[in-house]
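User: Could you walk me through this model with a few questions and answers? I'd like to start with burial and then look at how the helices pack.

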Amino acid sequence: MKIFKYIKELDCFVVNPEYKVIADQLGLTEWNEVVWIGRFFTLDNDYGEHWFDNWEERDKLQEKAVSMGIKYDDLLVINPDRFKNNADGPCHTPAERKRFWTDVLKSLDLSLETIISEALKLNDENRKAGEDYIAELNTIIEKIQAIINNN
């Protein structure tokens with residue numbers, strides 16, 4: 001399943017609408033539907049939940065985005081400085097990092113199995129921590145699988 005939709009005119013992304021619906025149903029949405037994916041991209045830590053906290057870049061695109069019918073909060077802008085840590089580098093320029101990560105996100109396609117696995121893990125963690133969780137998650141998963149398999 002494609003996770004991102006690239007908006008060429010803005011040189012940014014939005015969450016693919018099909019994935020957005022599924023992520024919401026599975027409880028994968030924190031402040032957006034791709035927070036958990038960002039954690040994988042940043043050495044599997046919570047820094048990744050902020051990979052699209054690029055408000056200044058969004059501000060620059062807001063007027064044009066709104067004129068295109070895209071909400072400000074839906075804009076996901078790559079800031080190449082979020083993809084370096086200065087520990088032993090950087091090895092590439094900001095322009096090279098931006099181009100690379102744009103290509104990666106354009107092509108990112110996750111299996112339903114991976115998405116469901118993450119949803120089950122997060123739901124179980126929330127349940128054990130006494131936080132909100134989805135009691136009927138297995139039923140929701142079965143319905144999503146049936147829809148996807150019939151397409």
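User: What share of the 151 residues of the protein chain counts as buried?

Analyst: Happy to help, and do keep in mind that this is a predicted model. A residue counts as buried here when its relative accessible area is under 20%. Of the 151 residues in the protein chain, the share that meets this is 40%.

User: And how much area does the protein chain expose, and what part do carbon and sulfur atoms supply?

Analyst: The C-alpha atoms fill a box of roughly 45 × 40 × 25 Å along the principal axes. The protein chain exposes about 9,200 Å². Of that area, the part supplied by carbon and sulfur atoms is 50%.

User: In what order do the elements run from the N terminus on?

Analyst: There are 6 helices and 2 strands in the protein chain. Read from the N terminus on, the order is β-β-α-α-α-α-α-α.

User: Are helices H1 and H6 roughly parallel or antiparallel?

Analyst: The axes of H1 (residues 17-26) and H6 (residues 137-150) come within 10 Å of each other. They cross at roughly 160°. Angles over 145 degrees count as roughly antiparallel, so H1 is, relative to H6, roughly antiparallel.

User: Which residues of H6 does H1 meet, and how many residues of this contact are nonpolar?

Analyst: From H1 come Glu 18, Ile 22, Gln 25 and Leu 26. On the H6 side they meet Leu 137, Ile 140, Ile 141, Ile 144 and Ile 148. Besides 1 polar and 1 charged residue, the number of nonpolar residues in this contact is 7.

How values were computed:
Residues numbered from 1 in each chain as written. Predicted model: local features only at pLDDT ≥ 70, side-chain atom pairs only at ≥ 80, totals over all residues. Heavy atoms only, no water. Axes fitted to C-alpha atoms, helices over the stretch in contact; angles between N-to-C directions. Helix = DSSP H or I, 4+ residues; strand = E, 2+ residues; numbered from the N terminus. Parallel < 35°, antiparallel > 145°, perpendicular 65-115°, else oblique. Contact = heavy atoms within 4.5 Å. Nonpolar A, V, L, I, M, F, W, Y, C, P; charged D, E, K, R; others polar. Buried < 20%, exposed > 50% of the residue type's maximum accessible area, 1.4 Å probe, protein only. Areas by Shrake-Rupley, 256 points an atom, 1.4 Å probe, with all protein chains shown as cover.
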